[in-house]
Amino acid sequence: MPCMNAKQRRFSCRWVLILACATMLLTGSCLVSTASAANILKMGLLQEPKTLNVWRASDRWSRKVVGLMYQPLYVRDPETLKLIPWLAAEPPLFDEKTLCYTVKIRPAKWSDGTELTSEDVAFTARFINEFKVPRYRSKWNFVKKIETPDKRTVKFYLKEPKAIFVSRSLTTPIVQKKEWTKLAEEARKTKKPLKRLLNEKIKNPVSSGPFVLKEWRQGGFLYLQKNKHFFGTGKKIQGRLLGPYIDGVIFKIYGTSDASILSLKKGSIDMFWWGIQPGYIEDLRANPDIELFQNEKSALYYMGFNLRRAPFNDANLRRAIATLVDEDFIIKRILQGYGIRMYSIIPPGNAFWYCPDVPRYGEGLDREARIKKAFGILRDAGYTWDVPPVDGSGKVVNGEGIKLPDGKPMEKFTILTPPADYDPHRAMCGMMMQEWLRMLGIPAYSKPMAFGALLQQVKVRHDFDSFVLGYGNLSLDPDYLRNFFISTNDKKRGWNMSGYNNPHFDKIANESASAMNRDKRRNLIWEMQKIIIGDVPYIPLYDPKLIEAVRKGRFTGWVQMLGGVGNIWSFCQLKPM
Amino acid sequence: MTESDSSNRMTAKEKYPWITSFLEGWSIFRQNLLGKIGLVLLIIFALMAICSYIPPWISPMYNPMTGVDPEITSCTPPSLRHWLGTDFMGRDILSQLLAGARIAFMVGISAAVMSIVLGVSIGMTAGYMGKFVDTLLMRLADMIMVMPTLLVVLLLSAVFGQLNIWTIVLIIALFRWPGVSRIIRGQTLSLKQRPFIEAAKVAGASHFRIIFMHIMPNVLPLAFLFMTFRVTSAIITEAALAFLGFGDPGTVSWGMMLQWVWKTGHMFQAPYWLLPPGICISLITLSFYMLGRAMDEVLDPRLRKEDQTD
């Protein structure tokens, strides 16, 4: 540039420098962001979490996210499923004389850098008892006194022996005293403190887990970043060296499985954190970029009856229906083989507590034999028909006009199920049951209804005949058996939805709750299962298998366990490839 | 042809004037290609609906709802045994498709008839009575017209649980009459100024008689025309409801079939299951629409081509 003077040259040089610096900065920042993005796990969810308030998080989407932030004292080992110390430093010590459990906790910090002490643990328990937090109250209301001799030791004194204390109470997430004290004080000033606490919007939760909240753009995504104060980082627990080795987790919300699976196939997400429907499996299996995991669940899907009203207050009718319901058909065809047949309320995978010696209605029988057997049960109990389902020559025909033992015709009744939109399997089960019962002349009508309305009708108003529901995540401790059928829980919003009332069962159930000897407790639990399956307030149907899909080549270290690969161990051990 | 034959025929035409008008209409309809295609399609679907009773009679495994092939437990492509393949449980897709045709006709025609009966009655009453009655009925029609049918049915379903097919038909009918009533009201307003209505009034005929004996015969062709369009909208509404999971679970409709494909994850894996109900919904609605367009031409001389009006 011959005509350029010195001033112009200086000006040009300055601009070139500025541009070069800007380019370097931009490139650098891109590289940084690219490196970070590579270390961030992208998870697909079907729905957005409703809340990050740990006390209110009852929906599964909130629980998935909250579970990565708030940690309990003990967790399950992924292989043995035994409870192992997590925030606790060692197994709890139990003193039988004083009914006192002593728990030592690890050196740990909250995500704000403050120390996690025994005071936080004691505060959590007292908080639950004071405010009667619904999901946790029954696990703590038998604790008489809590002491904190030092900042690493907590002593829990029980009112009476409780077998569930370790497995249910000590697996409660611990919250920070500093954060919740203020909220509790404000709540105490209101007329409905619990409501106030449950409605509290927790925008920046202080937690102790491997991840903390970075950003939640509602309707878009939720971003958890690595917690630099996580107590497990660099430690070996149960022989597993914990991270987290990833920088964070982004949860993207998709409305449907189709959209989520397409995103997974395209690589927009690394994992779809939800069970894959059998229809997608073949396609995903053929995709070289996708890895499928199959794990069992601790779940119970069942048909329940309203024992408070006729005709289901008659055990013979319930046994006949149990004979007609073809669980093998359901598993083989509706679940496409991705399920385990349930004979008892406790899944067979929970081997220690599962009682194999319970009545097995209709096992191995074909449809015709089932109808004949069910017909026999009802005929012997005094039921009559206008057209019996088995004619004089022993041939099965369509039964019509069934009458109760008192001679009154059986009225139409409904089988309530969640809609196909919510759970196609249960909706289809209801439909098939309707048809099977009609073959015997039983006027059954399947009625899918919105899940919330269904729960309201069954659990709150007790206004139903029968229903098909399920527990997708049953605890490994079998105390739920007592909760589901003890007569004291036959109340509005109570767990005993069927209205089962058996004093003998109640007695054994209460004994089992306070039996501290595992073998003695197992005998009682087995006895309870025999009584329940004999009386059939619920017909156990199936325990579905969980198929999950992840993208290959991005992260390694998924830990398989009961309930799937989306567990705390995976999140603490996943490494970018 | 003798003279007496001719006089007999004239007598028959005079005796049954509707035969003449039908034959005239039919000759116009025959020249309309859209109408002919629509009619052929409709006949095919009607045959499908009639044939839906045959498969379960051949074997229980062809029962569209409960029948399963004992040897098949998953989704399989078309075969000799199952011409359109099987669904995820081993049920025959062709049987379901045939049963779906029956449901489509039932829903479409029932809902359309109900909405036309309501729409014609209300439209005639509003047009004939005028004043306050007219204002009241037409504002009611406006209110219902702006309500989103699908959303209301979804809400009702959420409140009362799953609705059965007849409730769905009734709701569709209750939300689909205002359009018809507006057209019929307009026609009635024009008719009531005609001399024959005045003559009927002078002769002492009651309002009821004038509306149903003198006005109704003149608006019925228009009502039938609208019925074809109402059938289409009823079929689509039912299919949408079933697809979204709010249909009657006890019936095998095309919408329900689509929902099963979707919910069981076979949307992109089983085209032989996804396409037939989708195509059938499109074709049956198209056939009613084509039929409606052709009837429009028959009833409205202004729409006819010159050579057809000669």
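User: Which residues does A223(B) touch, not counting residues up to four places away in sequence?

Analyst: A223(B) touches I116(B), V120(B), V180(B) and I184(B), with those sequence neighbours left out. Touching, or contact, is judged by C-beta atoms placed from the backbone, which must lie within 7 Å. Please keep in mind that this is a predicted model, in which local features need pLDDT of at least 70 and side-chain atom pairs count only at pLDDT 80 or more, while totals for chains, interfaces and linings use all residues. Residues are numbered from 1 along each chain as its sequence is written, and chains are lettered from A and ligands numbered from 1 in the order in which they are written.

User: What makes up the largest nonpolar core, and which residues have the most contacts inside it?

Analyst: The largest nonpolar core has 150 residues, and M433(A), I539(A), L541(A) and A223(B) have the most contacts inside it. To belong to such a core, Ala, Val, Leu, Ile, Met, Phe, Trp, Tyr or Cys residues must be buried and joined through C-beta atoms within 7 Å. Buried means that 20 or more other C-beta atoms, placed from the backbone, lie within 10 Å of the residue's own. Apart from this core lies another, of 80 residues, including F123(A), V143(A), L197(A) and V565(A).

User: How many of the 577 residues in chain A are buried, as a percentage?

Analyst: Buried residues make up 43% of chain A.

User: Why is α10(A) called roughly antiparallel to α12(A)?

Analyst: Let's set the angle against the cut-off. Helix α10 (residues 315-324) of chain A packs against helix α12 (residues 367-380) of chain A at about 175°, with their axes 8 Å apart. Angles over 145 degrees count as roughly antiparallel, so the label fits α10(A) and α12(A). Among the residues making this contact are L317(A) and A320(A) of α10(A) and A374(A) and I377(A) of α12(A).

User: How do you know that β1 and β14 of chain A pair?

Analyst: Two strands pair if DSSP finds at least two bridges between them. Strand β1 (residues 40-45) and strand β14 (residues 248-253) of chain A have 6 bridges, in the parallel sense, so they satisfy that rule. One of the bridges brings M43(A) together with its partner F251(A) in β14(A).

User: How many bridges join β11 of chain A to β14(A)?

Analyst: Strand β11 (residues 221-226) of chain A is joined to β14(A) by 5 bridges, and the two run antiparallel. In this pairing, F221(A) stands opposite K252(A) of β14(A).

User: How many residues of chain B are in contact with chain A?

Analyst: On the chain B side there are 23, in contact with 26 residues of chain A.

Conventions. Axes are lines fitted to C-alpha atoms, for helices over the stretch in contact, and angles run from 0 to 180 degrees between N-to-C directions. Helices (H or I, at least four residues) and strands (E, at least two) are DSSP runs, numbered from the N terminus. Angles under 35 degrees count as roughly parallel, over 145 as roughly antiparallel, 65 to 115 as roughly perpendicular and the rest as oblique. Two residues are in contact if their C-beta atoms, placed from the backbone, lie within 7 Å. A residue is buried if 20 or more other C-beta atoms lie within 10 Å of its own, exposed if 12 or fewer, and partly exposed in between; C-beta atoms are placed from the backbone.
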